[in-house]
Amino acid sequence: MSALQFRLLGYAARFAEPQYLLVSIVALLFALLTVALVLARTGKMEKLASARLAAKVLPGASPARALTRPLLGWAALLLVGMALAQPECGTHVELAKKQGIDVVIALDASKSMLARDVKPSRIERAKLELSGLLDKLNGDRVGIVVFAGDAFVQCPLTNDMAAAKMFLRAIDPMTMPVQGTDVGRALSESRDLLVEAERGAKSRAVVMLSDGEDFGDEVDDELKQLKDDGIRVITVGIGSVAGEPIPEVDKHGNVVGYMKDKSGQTVMSRLDERGLSHIADATDGVYVASLPGSIGVGRVAEELDKLEKSEFESRISVSYSERYPVFLAPALALLALGLALRPGRARAGVAWVTSGVLLGLGTLALGLSGFATLLEDPTLGHWIFAGALAAGVLAYGAALTVDLWVRREEGLA
């Protein structure tokens, strides 16, 4: 949900996450409902006895005493909802500097990358882990080159990681026009993309992910040019040295057979670690071997982080000042005051059950929000967390309703 902007006393203000205001609205509605219930109960008491007599006989039944504790809780929840909505008021000017390196990801998309010695397949695992790598390249510019028997630029250099991920997801070995593994052509396209970049960075690198089969011609010539230009190549090997058959799949991704050579023998695709190590060593780069359950892009991020950063651009940006403590501090104070007004024994169980429900909902919400973030949908995470908070408010309201009922059974209503 987009930010809710307005002006307050002449200052620019906004709620950055306005969906959390639903918590405040629900808390306000329950506060009004609580007042209505207590006033209705007081009216019934006045019909049975005068206010002075009722105060002497049932000292705990006064409206003020009955309303104090629940209203403190509802007021605290209302303020917590406003704090979670990230209130911001007032602006200040900042000079934002972007520093980073230029990186080209060269991804092998030949049919051998369909082999499943790495789950779910070499190509899908590479795309999954590269997506995680893009999240770590803060401030860097990233381009994508796809290659098989030929190579082409899939994504030009950009610092828009969302766009880079979109281009990455679109890579499919079945759509490559020429099969094979022409590493020389891939290196050439990657070098051109880096050398011809506008405002190029001091440090430049190529991250090549491949099983390394059928290197093609002119690899050594390209490696010499890359070294002369100061471009390092980090190679990542995908697959097993023992080899794996290359599956043939239908349009739904189901395996219908395995690729065979002209003599009818099943083709085995093997990782060529020696060739990939040669490429890395020739450019003062690093070869990263696959790990159990991973293809090792975490190591790639560490190597890239060692390179010298360059300043791409400086921008003057206007930022809002965070004001959530204005709401969160009094909310905590109200909660502490409410806890100080300890309930009676019969209602202590209600308080414990409510606390357990709220704690369970909060833990579940945090877990689901984190899962939604992994799915690259932070908006879903916000809504899950807001929904859990709203459910907590409802649980609190139910507990207060039971509390009022227990009070009546104890003779206090």
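Start by selecting helix H3, residues 63–84, in this predicted model, and colour its buried residues, which are Ala66, Leu67, Pro70, Leu72, Gly73, Trp74, Ala76, Leu79, Gly81, Met82 and Ala83. One of these buried residues, Pro70, is worth keeping highlighted, since a kink of about 30 degrees lies at Arg69, shortly before that proline.

With H3 still selected, place a distance between its end C-alpha atoms, which are 31 Å apart. At 1.5 Å a residue, the 22 residues of this helix should span 32 Å, so the expected span and the distance in the model agree. Step past the end of the helix and select Gln86, which follows H3 and has a positive phi, near 55 degrees.

Next, hide H3 and show helix H4 (residues 122–136) together with helix H5 (residues 161–169), whose axes come within 10 Å and cross at roughly 170 degrees. An angle over 145 degrees counts as roughly antiparallel, and H4 and H5 are therefore described in that way relative to each other. To see how the two helices meet, display the side chains of Lys127, Leu130, Ser131, Leu134 and Asp135 on H4, and those of Met161, Ala164, Lys165, Leu168 and Arg169 on H5, as these residues make the contact. Coloured by class, the contact of H4 with H5 shows five nonpolar residues, one polar residue and four charged ones.

Now move to helix H7 (residues 219–228) and add helix H8 (residues 273–282), with axes that come within 9 Å of each other and cross at roughly 30 degrees. H7 and H8 are therefore roughly parallel to each other, because an angle under 35 degrees falls in that category. From H7 the contact takes in Val219, Asp220, Leu223 and Lys227, while from H8 it takes in His278, Ile279 and Ala282. By class, the residues of this contact of H7 with H8 divide into four nonpolar, one polar and two charged.

Finish by centring the view on Lys227, which lies in H7. Is Lys227 buried, exposed or partly exposed? Its relative accessibility is 41%, and Lys227 therefore counts as partly exposed. Leaving aside neighbours within four places in sequence, Lys227 is in contact with Ala282, Thr283 and Asp284. Select Thr283 from that group and draw the C-alpha to C-alpha distance to Lys227: the two residues are 56 residues apart in sequence, and yet 4.9 Å apart in space.

Methods: Residues numbered from 1 in each chain as written. Predicted model: local features only at pLDDT ≥ 70, side-chain atom pairs only at ≥ 80, totals over all residues. Heavy atoms only, no water. Axes fitted to C-alpha atoms, helices over the stretch in contact; angles between N-to-C directions. Helix = DSSP H or I, 4+ residues; strand = E, 2+ residues; numbered from the N terminus. Parallel < 35°, antiparallel > 145°, perpendicular 65-115°, else oblique. Contact = heavy atoms within 4.5 Å. Nonpolar A, V, L, I, M, F, W, Y, C, P; charged D, E, K, R; others polar. Expected span 1.5 Å × (residues − 1). Bend = angle between axes of the 7 residues up to and from the residue. Buried < 20%, exposed > 50% of the residue type's maximum accessible area, 1.4 Å probe, protein only.
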